[in-house]
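Q: Please take a close look at one helix and its packing. Keep it brisk.

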Amino acid sequence: MKKIIIVSLLSALLTAIAPAGSTGPEVLSLVRVQVTSESQAADLFSRFDETHNHSDGEIELLLWPGDLAELDSLGYDYEVIVHDLVARDAETQAASTSTSIEMPGPDRTTYRRLADYNAEMQALAKENPGLVKLIEFPNLSLEGRSIFGVEIAADVKSKDGRPTFYLDGVHHAREWPAGEYVMIYIHYLVENYGKDEEITRLLNEGRLIATPIVNVDGFDYSRESALSAEENVAHQTEPTGYLNGFEGYWRKNRRSLTGVTVPLVQKNPDAYGVDPNRNYSYLWGDNQGGSSGSQFSATYRGTAPWSEPEVVNVRDLILSRTVTGVITNHTYQATVLRAGGGNAPDDDILEPLGKRMADEMGYENTGNVGYPTTGTTDDWTYSVTGTLGFTIEHGSLGFHPPYADSVQADYKGVMRAFDIMFDAVVDPRYHSVVKGTASPGATVTLKKSFRTPLSPGNPTGEEAVAEKISIKVPVAPDGSFELHVGPSTRPHVNKAESYTLVVKSGDKTKTFKVNVARGRVADLGRVTF
Ligand SMILES: [Zn+2]
């Protein structure tokens with residue numbers, strides 16, 4: 001009974017705020033479109049907002065007001081899966097049980113808001129100073145917000161070359177479970193350190209760097225507008241501030257491209273914003289539908305690679321730390337995707353590792369999302385550093401289904417999958433080690449400059465962009481140094497490449513060329529001046 005009232009109230013609200021004279025239903029709809037070629041798929045991706053949840057010969061699209069008429073005009077066969085997504089959400093939310101269960105961190109029954117994430121990370125760093133260190137990224141978001149993450153490791157403040165697992169979530173604003181799993185894993189590691197033998201080992205040998213919410217502006221907009229819509233329904237109040245809950249389905253960041261705010265019921269909000277997961281440099285700017293050059297597209301890549309501050313933060317971290325494994329979290333397809341999409345030179349490592357993680361979560365180990373993508377996180381990190389890279393598309397019920405049906409139901413398998421990755425991150429068979437001894441107080445910097453290829457014909461007119469790895473650590477008090485890094489030759493490059501290692505003691509420096517393959521150790525022995 002309660003369910004019916006909520007749905008009908010919401011429908012009434014939506015009807016009340018639909019602009020007069022508008023054409024077509026002012027709802028968000030999910031449709032599945034039949035395609036027979038890659039070019040048809042690319043055409044749809046360039047025009048519409050895709051959900052990630054595709055299968056063979058079928059593309060699932062989220063249609064914004066006005067999109068249905070455009071889809072009709074193109075002549076594709078399609079099936080409407082959900083006519084009114086916001087009403088469907090209200091219905092499933094009302095039907096879902098939201099009782100508290102025991103979880104790492106606070107026992108929540110609803111998705112965190114941005115302030116919850118920030119407060120929890122700040123409190124963990126304050127309460128566990130030897131284990132958790134707060135990171136505030138150098139670049140603020142476009143709307144001026146600080147972007148936070150944490151490092152977790154035994155003796156976390158020591159500067160060393162330990163193998164590091166980089167874990168993040170919510171490049172895409174509406175994919176709320178992606179941030180939840182990262183935050184819950186942070187609590188899980190803190191709560192189990194010193195108690196669970198395996199977690200204790202991982203945090204002694206390695207380090208986690210975690211950013212639950214990369215796209216803070218987009219997430220805040222999505223999360224708060226959905227809450228506002230729920231409040232409006234619950235209290236039968238007119239929508240204020242946020243319009244109608246459509247904004248809960250925002251994907252991109254909040255870059256203003258036009259400087260004009262248009263009521264969302266009248267215009268596809270994807271006219272604004274850049275897709276952060278299409279803004280990384282590797283093969284940026286393709287013409288095959290892997291990203292879009294249209295500001296109106298949900299996969300708009302921006303005017304150039306690295307135009308968005310959120311991804312610059314991730315880039316600068318990856319290029320300056322000893323990261324040997326990356327997972328970036330998304331929703332939804334219930335799949336584990338990997339760098340290179342199944343064609344990476346290291347797929348003999350990536351494929352079985354992906355399978356083990358997929359099995360723990362009950363997902364498919366598909367490798368790629370089933371259509372071309374360029375400028376993405378895991379492809380870039382793998383191509384420039386050789387680090388093992390995965391994208392996990394969590395769940396199958398939607399971008400942010402009721403908490404009980406997604407996060408509460410699935411988090412245990414996700415924790416086990418992250419543990420499998422962390423174990424691979426600290427395993428020297430899967431990366432390279434550069435070590436030696438020098439006088440305590442000296443510093444060691446591992447460097448490499450290279451050019452990362454963009455897609456041919458991309459709009460910048462450049463073939464590649466200059467990028468640089470530079471990782472600096474002090475020599476330990478016992479005189480040793482040991483850096484866990486990717487191989488010196490990048491995976492997609494045919495000729496051998498070297499690192500440059502600079503050891504600096506006082507005003508003296510010594511420089512070495514280092515060639516090291518995956519699974520091998522380059523031992524420089526004693527460095528004397
Ligand atoms: Zn996503």
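A: **Helix α6 and its partner α12**

Helix α6 spans residues 176–192, 17 residues in total. From first C-alpha to last it reaches 25 Å, close to the 24 Å expected at 1.5 Å a residue (1.5 Å times one less than the number of residues). Helices here are DSSP runs of H or I, at least four residues, numbered from the N terminus.

This is a predicted model: local features need pLDDT of at least 70, side-chain atom pairs count only at pLDDT 80 or more, and totals for chains, interfaces and linings use all residues. Residues are numbered from 1 along each chain as its sequence is written.

α6 is mostly covered, with 14 of its 17 residues buried (20 or more other C-beta atoms within 10 Å of the residue's own, C-beta atoms being placed from the backbone). Just after α6, Gly 194 has a positive phi of about 85°.

Now the packing. The axes of α6 and α12 come within 10 Å and cross at roughly 60° (lines fitted to C-alpha atoms over the stretch in contact, with angles from 0 to 180 degrees between N-to-C directions). That makes α6 oblique to α12 (not under 35 degrees, not over 145 and not 65 to 115).

On the α6 side, the contact residues are Pro 177, Glu 180, Tyr 181, Ile 184, Tyr 185 and Tyr 188. They meet Val 407, Tyr 411, Val 414, Met 415 and Phe 418 in α12 (contact: C-beta atoms, placed from the backbone, within 7 Å). By class, this contact has 10 nonpolar residues, no polar and 1 charged (nonpolar: Ala, Val, Leu, Ile, Met, Phe, Trp, Tyr, Cys and Pro; charged: Asp, Glu, Lys and Arg; polar: the others, Gly among them).

How values were computed:
Helix = DSSP H or I, 4+ residues; strand = E, 2+ residues; numbered from the N terminus. Buried ≥ 20, exposed ≤ 12 C-beta atoms within 10 Å, placed from the backbone. Contact = placed C-beta atoms within 7 Å.
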